[in-house]
Amino acid sequence: MPSATKLEKKEAYHQRLCDYLNTYERAFVVGADNVGSKQMSDIRAALRPETIILMGKNTMMKRSIRLYCEETGNDQWAPLLDELVGNVGLIFTKGDLSQVKAEIAKYKVGAPARVGLVAPNDVTIPSGGTGMDPSQTSFFQALAIATKINKGTIDIVSDVHLIKAGDKVGASEAALLGKLGIKPFKYGLEVVKVYDSGSLFEPAVLEITGARHEDR
């Protein structure tokens with residue numbers, strides 16, 4: 001049986017989410033994979049005061065939204081229920097959706113390639129000097145990367161498409177990128193869905209809307 005403290009925290013969370021549902025009409029569903037606590041704190045600070053981030057267990061968020069819809073008879077937030085899957089959170093805002101989305105995108109942090117990680121984007125190593133001494137050519141040979149020795153250091157002969165988006169990072173790729181000091185991936189809050197007054201749509205719609213405004 002949950003302790004009294006846990007129940008109090010659960011109820012406080014429920015009340016806070018219900019307050020947001022009452023106060024706001026716009027929100028984002030955001031993915032938060034690989035986002036650190038310092039990074040999250042920076043994003044929160046940048047978005048305040050008119051934009052609020054709420055993280056939590058999906059089961060708690062779903063429970064609160066369901067109860068809110070039942071108790072108020074207002075089911076305009078119900079479309080969010082099916083979107084609360086995986087490591088996600090909600091961002092409530094009174095600001096312009098396109099501008100808030102652009103602000104969220106600013107806070108992406110470079111991250112090293114870890115073994116076994118699924119690459120979110122392609123990784124290309126540029127040709128030229130590496131600063132590595134000739135004794136380390138085995139790293140390049142293991143990946144069939146053509147090199148030459150120039151002034152006592154290893155040069156890569158031509159650009160190398162090392163990892164494709166969607167592929168898992170191997171040990172050799174991770175070791176080489178680490179030695180080159182390359183952090184090939186950037187992580188931040190990713191807007192998964194946009195909510196506005198009962199309607200749910202893809203974030204790409206905001207880019208189309210923004211482009212139309214610029215054309216006027």
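Let me begin with the surface: the chain exposes about 12,300 Å², and carbon and sulfur atoms supply 49% of that area. Please keep in mind throughout that what we are looking at is a predicted model. Of the 216 residues in the chain, 37% are buried. As for the overall dimensions, the C-alpha trace spans about 75 × 60 × 30 Å along its principal axes, and the radius of gyration is 23 Å, where a compact globule of 216 residues would have a value near 17 Å. If we take the contacts in the chain with a separation of 6 or more, 77% of them are between residues 24 or more positions apart.

Now to the secondary structure, where the chain has seven helices and twelve strands. I would like to concentrate on one sheet, which is open and is formed by five strands in the order E2-E3-E1-E11-E12, with antiparallel pairing. Its edge strands are E2, covering 51–54, and E12, covering 199–201, and each of these pairs on one side only. On average, neighbouring strands of this sheet are turned by 25° against each other, if direction is ignored. For anyone who has not looked at sheets for a while, strands of a sheet pair through backbone hydrogen bonds, and they do so either parallel or antiparallel.

At the E2 edge, four bridges join E2 to strand E3, residues 88–93, and the two strands run antiparallel. One place to look for this pairing is Ile52, whose bridge partner in E3 is Phe92. Helix H1 packs on the sheet here, touching E2 and E3, and its direction makes about 145° with that of E2. Another helix, H4, which covers residues 97–106, lies across strand E1 (26–31), E2, E3, strand E11 (190–196) and E12, and H4 runs at about 25° to E1.

Let me turn next to a residue in a third helix, namely Ser64, which is found in helix H3, residues 58–72. Is Ser64 buried or exposed? Ser64 counts as buried, because its relative accessibility is 1%, and the cut-off for that term is under 20%. Leaving aside neighbours within four places in sequence, the residues in contact with Ser64 are His14, Leu17 and Cys18.

For another view of these two helices, we can take Arg16, which lies in helix H1, residues 4–23. Arg16 and Ser64 are 48 residues apart in sequence, while in space they are 9.5 Å apart, going from C-alpha to C-alpha. Whereas Ser64 is buried, Arg16 is partly exposed, since its relative accessible area is 40%.

I mentioned Cys18 among the contacts of Ser64, and that brings me to my last topic, the cysteines. How many disulfides does the structure hold? The structure holds zero disulfides, and it is worth going through the reasoning for one pair. The cysteine sulfur closest to that of Cys18 is in Cys69, at 9.2 Å, which is too far for a bond, because a disulfide needs the two sulfur atoms within 2.5 Å. Seen from the other side, Cys69 also has Cys18 as the closest cysteine sulfur, at 9.2 Å, so that a bond is ruled out there too. Cys18 is buried, with a relative accessible area of 8%, and Cys69 counts as buried at 12% relative accessibility.

How values were computed: Residues are numbered from 1 along each chain as its sequence is written. This is a predicted model: local features need pLDDT of at least 70, side-chain atom pairs count only at pLDDT 80 or more; totals for chains, interfaces and linings use all residues. Side-chain values use heavy atoms; hydrogens and water are left out. Buried means under 20% relative accessible area, exposed over 50%, partly exposed in between (1.4 Å probe, protein chains only). Contact means heavy atoms within 4.5 Å. Two strands pair if DSSP finds at least two bridges between them. Axes are lines fitted to C-alpha atoms, for helices over the stretch in contact, and angles run from 0 to 180 degrees between N-to-C directions. The radius of gyration is taken over C-alpha atoms; the globule rule is 2.2 Å times the number of residues to the power 0.38. Accessible areas come from the Shrake-Rupley method with a 1.4 Å probe; for residues, only the protein chains shown count as cover.
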